[in-house]
Amino acid sequence: MNFERVKALHAQNNVNILEVKPGMFLEIHEKLGDGEGNRVWRFKGLVIKVKNPNQADGTFTIRGTVAGNDIEKIYPLSFKKFEKVLLLDEYKVRRAKLYYIREKIGKDARMKSKITADRRNKNILK
């Protein structure tokens, strides 16, 4: 794959790339539907993996709870349907992939917060 061509296409279309890291707790507002039947779907979750960060073809995996079920969603870092992405919390992590958090429940799943008050509830979508 020609990555220079992909970068040029993204630069031409003014696509911005999210700067997410593992350990961020995000609230994603995603636009669903086309035309009159569109709505905004909100999803809260922890970023457990970022693949190809700061690149046009990168993705991130977010894990959250919907209707009592734990689900994982994979989003591209440059996704046009994001209405806004709020940074709710940021945790101190020492791993690039947080797969171990899948088995943790209750007190075992606690992590230490490292976010400051001025960054909390900030829209990281540029």
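A search of the whole structure, which is a predicted model, finds six aromatic pairs. One of them joins Phe60 and Phe82, whose ring centres lie 6.4 Å apart with an angle of 45° between the planes, a geometry classed as tilted. This pair links distant parts of the chain, since Phe60 belongs to strand E3 (residues 59-66) and Phe82 to strand E5 (residues 82-90), with their positions 22 residues apart in the numbering. The chain as a whole comprises one helix and six strands, and the points below take up the aromatic residues, the sheet, a polar contact, the pockets and the overall dimensions.

**Aromatic residues**

- Both members of the tilted pair are buried, because Phe60 has a relative accessible area of 0% and Phe82 has a relative accessibility of 5%, each of which falls under the 20% limit for a buried residue.
- Phe82 also pairs with Phe79, and because the planes of these two rings stand at 75°, with the centres 5.1 Å apart, the pair is edge-to-face.
- Phe79 is partly exposed, with a relative accessible area of 26%, whereas its partner Phe82 counts as buried.
- Ring pairs connect Phe60, Tyr75, Phe79 and Phe82 into a cluster.
- A pair of aromatic rings is described by the distance of the centres and the angle of the planes.

**Sheet order and strand pairing**

- Along the sequence the elements follow the pattern α-β-β-β-β-β-β, and the six strands form an open sheet in the order E4-E3-E2-E1-E5-E6 with antiparallel pairing.
- Strand E4 (69-76) and strand E6 (122-123) stand at the edges of this sheet, and because each has a single partner strand, one side of each is left without a neighbour in the sheet.
- Strand E1 (residues 24-32) and E2 run antiparallel and are joined by eight bridges; within this part of the sheet, Phe25 stands opposite Leu46 in E2.
- E2 and E3 are likewise paired in the antiparallel sense, over five bridges, and the bridge partner of Val50 in E3 is Phe60, the residue that also forms the tilted aromatic pair with Phe82.
- E3 and E4 run antiparallel and are joined by eight bridges, with Gly64 standing opposite Ile71 in E4.
- These two strands, E3 and E4, form a hairpin with two residues between them, and Ala67 in the turn has a positive phi of about 55°.
- In a regular strand the side chains alternate between the two faces of the sheet.

**A polar contact at His29**

- His29 lies in strand E1, and at 7% relative accessibility this residue counts as buried.
- The side chains of His29 and Glu27 are joined by a polar contact of 3.1 Å.

**Pockets**

- The largest pocket has a volume of about 410 Å³, and of the 17 residues that line this pocket, the closest to its centre are Leu46, Arg63, Ile101, Lys104 and Ala109.
- Strand E2 (39-51) and E3 each supply at least two residues of the lining of the largest pocket.
- Sorted by class, the lining of the largest pocket has seven nonpolar, four polar and six charged residues.
- Leu46 thus appears in two settings, as the residue in E2 that stands opposite Phe25 and as one of the residues closest to the centre of the largest pocket.
- The second largest pocket has a volume of about 260 Å³, and of the 16 residues that line this pocket, the closest to its centre are Leu18, Glu19, Val20, Lys21 and Met24.
- The lining of the second largest pocket divides into nine nonpolar, two polar and five charged residues.

**Overall dimensions and burial**

- The C-alpha trace of the chain spans about 45 × 35 × 30 Å along its principal axes.
- Of the 126 residues in the chain, 32% are buried, among them Phe60 with a relative accessible area of 0% and His29 at 7% relative accessibility.

Terms used
Residues are numbered from 1 along each chain as its sequence is written. This is a predicted model: local features need pLDDT of at least 70, side-chain atom pairs count only at pLDDT 80 or more; totals for chains, interfaces and linings use all residues. Side-chain values use heavy atoms; hydrogens and water are left out. Rings of Phe, Tyr and Trp (its six-membered ring) pair if their centres lie within 6.5 Å; planes under 30 degrees apart count as stacked, over 60 as edge-to-face and the rest as tilted. Helices (H or I, at least four residues) and strands (E, at least two) are DSSP runs, numbered from the N terminus. Buried means under 20% relative accessible area, exposed over 50%, partly exposed in between (1.4 Å probe, protein chains only). On a 1 Å grid over the protein atoms alone, a cavity is a set of points where a 1.4 Å probe fits but cannot get out, and a pocket is an open set with protein on both sides within 12 Å along at least five of seven lines; lining residues have an atom within 4 Å of a point. Grid points are joined across faces, edges and corners, and a volume is the space filled by probe spheres set on the points. Ala, Val, Leu, Ile, Met, Phe, Trp, Tyr, Cys and Pro count as nonpolar, Asp, Glu, Lys and Arg as charged, and the others, Gly among them, as polar. Two strands pair if DSSP finds at least two bridges between them. A polar contact is a pair of N or O atoms within 3.5 Å; within protein, one must be able to donate a hydrogen and the other to accept it, and residues adjacent in sequence count only if both atoms are side-chain atoms.
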